[in-house]
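Reader: I'm new to this one, so could we walk through it together, starting with a helix?

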Amino acid sequence: MKGAPFSLAWLGIVPFFLFALLFLVGPTVYLVFGAFQDPSGALTLANIEGLFTPQIMAAYWISIKISVASAALGALIGFFIAYAIVHGGLPAWIRPSILTFSGVASNFAGIPLAFAFLATLGRLGLVTVFLNESFGINIYRLGFNLLSFWGLTITYLYFQIPLMVLIIAPALDGLKKEWREASSILGATSWQYWRMVGLPVLAPSILGCFLLLFANAFGAIATAYALTGSSLNIVPILLYAQIRGDVLYNPNLGYALAFGMIVITGCSNLLYLWLRARAERWQR
């Protein structure tokens with residue numbers, strides 16, 4: 001009832017808070033405390049200092065480079081696809097079809113995605129064999145390798161591009177027709193409209209999407225591990241090895257690795273939320 005001290009509507013969000021507490025807040029707090037403890041439970045900074053060893057710093061650096069590359073390419077390609085379906089004047093059935101596919105593809109990752117790319121661009125993959133037999137082009141002799149930096153980056157694009165399409169399409173919808181009409185009346189060219197109106201309005205959304213894609217790629221492990229195994233030393237794979245007990249078993253160093261990932265992705269997500277709040281001002 002209205003005015004009652006307790007509303008039954010609150011019961012509807014109890015499962016959400018329980019899920020967040022058990023699978024997000026609880027594990028995060030556990031990892032943070034574990035990063036500052038040794039195996040006996042005593043407080044220490046040795047695990048944090050261990051993050052600055054050459055091997056771990058190299059893992060963070062290659063993870064950041066892959067995340068930046070896949071996020072930049074995903075944001076660029078996804079933006080043009082979204083623009084085409086929103087303002088490109090395409091048939092009406094194109095937009096729902098692409099958005100439906102994007103909703104599925106943005107969540108397609110892990111072992112199935114790795115297998116799909118191995119079957120397509122592996123050494124005996126469909127596209128590899130077709131190019132070799134039909135045109136005499138051996139992409140592996142030309143330097144391409146699916147189990148490499150660019151191979152993993154291209155694989156990540158499969159879910160990065162659809163995610164960008166889903167996120168940026170509402171922002172493109174927010175560009176009002178009146179703005180373009182007003183700029184045309186004032187004699188502005190299409191390029192001037194985008195330089196002075198369109199891109200400045202969309203800039204917070206585009207940058208926010210880039211940060212979200214960066215965080216999405218930085219935390220991915222299943223696809224990378226299934227595709228490259230331990231041949232590409234990125235942070236999630238290194239973390240998995242530490243927690244699982246490979247070579248030098250040190251779970252607390254694994255907690256510190258996870259803590260470093262939380263800091264990086266947390267900063268990225270906070271910047272995304274701030275940019276999203278700025279972008280929403282133009283959509284009111």
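Reader: How far does helix H7 reach from its first C-alpha to its last?

Author: Before we start: this is a predicted model, where local features need pLDDT of at least 70, side-chain atom pairs count only at pLDDT 80 or more, and totals for chains, interfaces and linings use all residues. Residues are numbered from 1 along each chain as its sequence is written, and side-chain values use heavy atoms, with hydrogens and water left out. Helix H7 covers residues 149-173, 25 residues in total, and comes close to the 36 Å expected at 1.5 Å a residue (that is 1.5 Å times one less than the number of residues; helices are DSSP runs of H or I, at least four residues, numbered from the N terminus). Its end-to-end reach is 35 Å.

Reader: Where is the kink in H7 centred?

Author: The bend at a residue is the angle between axes fitted to the seven residues ending there and the seven starting there. In H7 the kink comes to about 40°, and its centre is Leu157.

Reader: And what does H9 span between its end C-alpha atoms?

Author: A straight helix of 29 residues would span 42 Å at 1.5 Å a residue, but H9 falls short of that. It has a kink of about 50° at Leu199, shortly before the proline Pro200. The span of H9 is only 36 Å.

Reader: Which residues does Ser102 touch, leaving out those up to four places away in sequence?

Author: Ser102 lies in helix H4 (residues 94-105). Its relative accessible area is 3%, so it's buried (under 20% is buried, over 50% exposed, in between partly exposed, with a 1.4 Å probe and protein chains only). Counting heavy atoms within 4.5 Å as contact, Ser102 touches Pro162, Val165 and Leu166.

Reader: Which helix gives the largest share of the largest nonpolar core?

Author: A nonpolar core is a set of buried Ala, Val, Leu, Ile, Met, Phe, Trp, Tyr and Cys residues joined through side-chain atoms within 4.5 Å. The largest has 38 residues, and Tyr60, Ile168, Leu172 and Leu257 have the most contacts inside it. Helices H3 (54-87), H7, H9 (190-218), H11 (235-244) and H12 each supply at least two residues of this core. The largest share, 9 residues, comes from H3.

Reader: How many residues are in the second, separate core?

Author: Leu121 is one of its members, along with others including Leu146. Leu121 is found in helix H5 (residues 111-121), and at a relative accessible area of 17% it is buried. Leu121 also touches Leu146, among other residues. The size of this second core is 19 residues.

Reader: What kind of aromatic pair do Tyr30 and Tyr255 make?

Author: The structure holds 15 aromatic pairs, meaning rings of Phe, Tyr and Trp (its six-membered ring) with centres within 6.5 Å; planes under 30 degrees apart count as stacked, over 60 as edge-to-face and the rest as tilted. Tyr30 and Tyr255 have ring centres 5.5 Å apart and planes at 70°, so the pair is edge-to-face.

Reader: How many residues apart are they in the chain, then?

Author: Tyr30 is in helix H1 (residues 14-35), while Tyr255 is in helix H12 (residues 251-280). Tyr30 is exposed at 55% relative accessibility, whereas Tyr255 is buried at 16%. The pair links distant parts of the chain, 225 residues apart.
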